[in-house]
Amino acid sequence: MKHAVILAHPARKSLNAEIARTYAEAVERLGHEVLVRDLYAMRFDPCLKASEIPGPKAPRFRDDVMRERERLADVDVFAFVYPIWFNAPPAILKGYVDRVFGMGFGFEPGFGGTEPRLGGRRLISFSTSGAPDHWVRETHALSDLTRLFDAHLGGTCGLKVVDHAHFGGMVSGITQEAFEAVIAKVRTAAAAHFRAHPPRTA
C-alpha cells in the first residue's frame with residue numbers, strides 16, 4: 001500500500017511537520033510505501049488557472065499539475081496534515097486540491113454531472129489548531145470542516161474517509177507531555193487503520 005503524506009505548513013520544525021514525519025515512519029514500519037509532498041517546500045502554486053477550469057473546451061493543465069498527478073497515480077492513501085486557519089485548511093492545500101484533484105484525476109465527466117476516479121482509495125487527515133478542542137467542537141468548526149472539505153472531497157473523488165484526527169490547543173510552548181501525546185495518537189491512528197504488510201521475499 002502506498003501513502004502520499006501531503007503536508008501544508010510553512011515551518012519545517014512545526015508540530016505539523018513532526019506529525020507528518022511520525023505518520024510516514026509509522027506506516028513505513030508497517031511495510032507500506034510513503035511519498036511525502038511538502039507543499040511549502042515544493043513552492044507549489046495553489047492558484048487555479050483559467051485554462052484548468054472545465055468548460056466548453058477540455059481543460060489544459062500546466063506541467064506542475066501533470067507531474068504531480070503522475071506521482072500520485074498509484075497512491076492508495078492520501079494523508080493530509082495541516083493547521084486550521086480561520087476554520088479552514090491553508091490556502092496552499094485548498095489550491096492543491098483544486099488543481100491536482102480536479103477534472104481528469106479526481107473525477108471525470110459523467111451523465112448529468114461527474115464520476116469519481118479514485119474509488120477504493122482512502123483519505124486520512126490530521127489537523128491542529130490554537131483553539132482548544134472543546135471550542136472547535138462546540139462551535140461546529142471541526143464538524144463543518146469535515147463535512148465541507150473531507151466529505152465533499154471523498155464523495156466527489158470516490159475516496160473513503162477513514163479518519164480525521166484533530167489536535168486543539170496547540171500553541172507555542174506546549175509541554176513535552178502534550179507533544180508526546182499528539183505523536184502517540186498519530187502512531188495509534190496509523191496502526192488502527194492500516195494493516196502490516198509482510199516483508200517481500202527475494
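In this predicted model, strands S1 and S2 run parallel and are joined by six bridges. One spot to look at is Ala4, which sits opposite Leu35 in S2. To get from S1 to S2 the chain passes through helix H1 (residues 15–29), and the resulting β-α-β crossover is right-handed. S1 also pairs with S3, again in parallel, through five bridges. Here Val5 has Ala79 of S3 as its bridge partner.

With S2 and S3 both paired to S1, how covered is S1 itself? Mostly covered: six of its six residues are buried. That goes for both faces of the strand, with Lys2, Ala4 and Ile6 buried on one side and His3, Val5 and Leu7 buried on the other. A lysine turns up in that list, and Lys2 does count as buried, at 12% relative accessibility.

What does the Lys2 side chain meet? It forms a salt bridge with the side chain of Asp74, at 3.0 Å from N to O. Asp74 belongs to the loop between helix H3 (63–72) and strand S3 (77–83), while Lys2 is part of strand S1 (residues 2–7), so this pair ties together parts of the chain that are 72 residues apart in sequence. The two partners sit in unlike surroundings: Asp74 is partly exposed, with a relative accessible area of 45%, whereas Lys2 is buried at 12%. Glu33 comes into the picture as well, since Lys2, Glu33 and Asp74 are linked in a network of salt bridges.

The structure holds 11 salt bridges, and two others are worth a look. Glu68 and Arg37 meet through their side chains at 2.8 Å, N to O. This pair, too, links distant parts of the chain, with Glu68 in helix H3 and Arg37 in strand S2 (residues 33–38), 31 residues apart. Both Glu68 and Arg37 are buried. Asp144 and Arg147, by contrast, make a local pair: both lie in helix H6 (residues 141–157), three residues apart, or about one turn of the helix. Their side chains form a salt bridge at 3.5 Å, N to O. Asp144 is partly exposed, with a relative accessible area of 31%.

Back to H1, the helix of the crossover between S1 and S2. H1 packs against helix H7 (residues 176–193) at an angle of about 35°, and the two axes are 9 Å apart. The crossing of H1 past H7 is right-handed. On the H1 side, the contact takes in Leu15, Glu18, Ile19, Thr22, Tyr23, Ala26, Val27 and Arg29. These meet Phe179, Val182, Ile183, Val186, Arg187 and Ala190 of H7, so charged and aliphatic side chains alike show up in the list. Two of the H1 residues in that contact, Leu15 and Ile19, also touch Thr128.

Thr128 lies in strand S6 (residues 122–128). Is Thr128 buried or exposed? It is buried, with a relative accessible area of 5%, which puts it under the 20% cut-off for a buried residue. Leaving aside neighbours within four places in sequence, Thr128 is in contact with Leu15, Asn16 and Ile19, with Tyr82, Pro83 and Ile84, and with His166, Phe167 and Met170.

Conventions: Residues are numbered from 1 along each chain as its sequence is written. This is a predicted model: local features need pLDDT of at least 70, side-chain atom pairs count only at pLDDT 80 or more; totals for chains, interfaces and linings use all residues. Side-chain values use heavy atoms; hydrogens and water are left out. A salt bridge is a side-chain nitrogen of Lys or Arg within 4 Å of a carboxyl oxygen of Asp or Glu. Helices (H or I, at least four residues) and strands (E, at least two) are DSSP runs, numbered from the N terminus. Buried means under 20% relative accessible area, exposed over 50%, partly exposed in between (1.4 Å probe, protein chains only). Two strands pair if DSSP finds at least two bridges between them. A crossover is right-handed if, with the strands pointing away from the viewer, the path from the first strand over the helix to the second runs clockwise. Axes are lines fitted to C-alpha atoms, for helices over the stretch in contact, and angles run from 0 to 180 degrees between N-to-C directions. A crossing is left-handed if the near helix is turned anticlockwise from the far one by less than a right angle, and right-handed if clockwise. Contact means heavy atoms within 4.5 Å.
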